[in-house]
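Here are some exercises to work through with the model open in your viewer. Try each task before you read its solution.

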Amino acid sequence: MEKKVFEEFHNFLRSKGFKLTGERKIILEQIFATHDHINAEDLFIELKKKRANVSRATVYRTLNLLVNSGLVQKIS
């Protein structure tokens, strides 16, 4: 993952009063390691396969933050 993406997300989170937690880092890394469209459920399953300690709610909240930051797009 590009350092620029990581820094952009970190700056966005700080501007909104949020922290870049370990869980958010893992989700960000997984999204940018996957070069195809991925939905929240598939992302959650992939993270569980990697034994990441991330809740489904954290995945959904982080995806919303990523959409709001402009780093990812939501496809209906």
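**Exercise 1: the nonpolar core**

Task: find which residues have the most contacts inside the largest nonpolar core, and which elements give two or more residues to this core.

Solution. The largest nonpolar core holds 20 residues, and those with the most contacts inside it are Phe 9, Ile 27, Ile 31, Leu 43, Leu 47, Val 59 and Leu 66. Such a core is a set of buried Ala, Val, Leu, Ile, Met, Phe, Trp, Tyr and Cys residues joined through side-chain atoms within 4.5 Å. Next, the elements: helix H1 (3-15), H2, helix H3 (40-49) and helix H4 (56-69) each give two or more residues to this core.

Before going on, a word on the source. This is a predicted model, where local features need pLDDT of at least 70, side-chain atom pairs count only at pLDDT 80 or more, and totals for chains, interfaces and linings use all residues. Residues are numbered from 1 along each chain as its sequence is written, and side-chain values use heavy atoms, with hydrogens and water left out.

**Exercise 2: the overall fold**

Task: state how many helices and strands the chain has, and compare its radius of gyration with the globule rule.

Solution. Start with the count: four helices and zero strands (DSSP runs numbered from the N terminus, with helices being H or I of at least four residues and strands E of at least two). Along the sequence this reads α-α-α-α. The radius of gyration is 12 Å, close to the 11 Å of the globule rule for 76 residues, so the chain is as compact as a globular protein of that length. Here the radius is taken over C-alpha atoms, and the rule is 2.2 Å times the number of residues to the power 0.38. Along the principal axes, the C-alpha atoms fill a box of roughly 30 × 25 × 20 Å.

**Exercise 3: two residues in H2**

Task: is Gln 30 buried or exposed, and which residues does Ile 31 contact beyond its neighbours within four places in sequence?

Solution. Gln 30 sits in helix H2 (residues 22-33). Its relative accessibility is 9%, so Gln 30 counts as buried (under 20% relative accessible area; exposed is over 50%, partly exposed in between, with a 1.4 Å probe and protein chains only). Outside its neighbours within four places, Gln 30 is in contact (heavy atoms within 4.5 Å) with Leu 43, Glu 46, Leu 47 and Lys 50.

Now turn to Ile 31, also placed in helix H2. Ile 31 counts as buried because its relative accessibility is 9%. With the neighbours within four places left aside, Ile 31 touches Leu 43, Leu 63, Leu 66 and Val 72. Finally, Ile 31 and Leu 63 are 32 residues apart along the chain, and their C-alpha atoms are separated by 9.3 Å.
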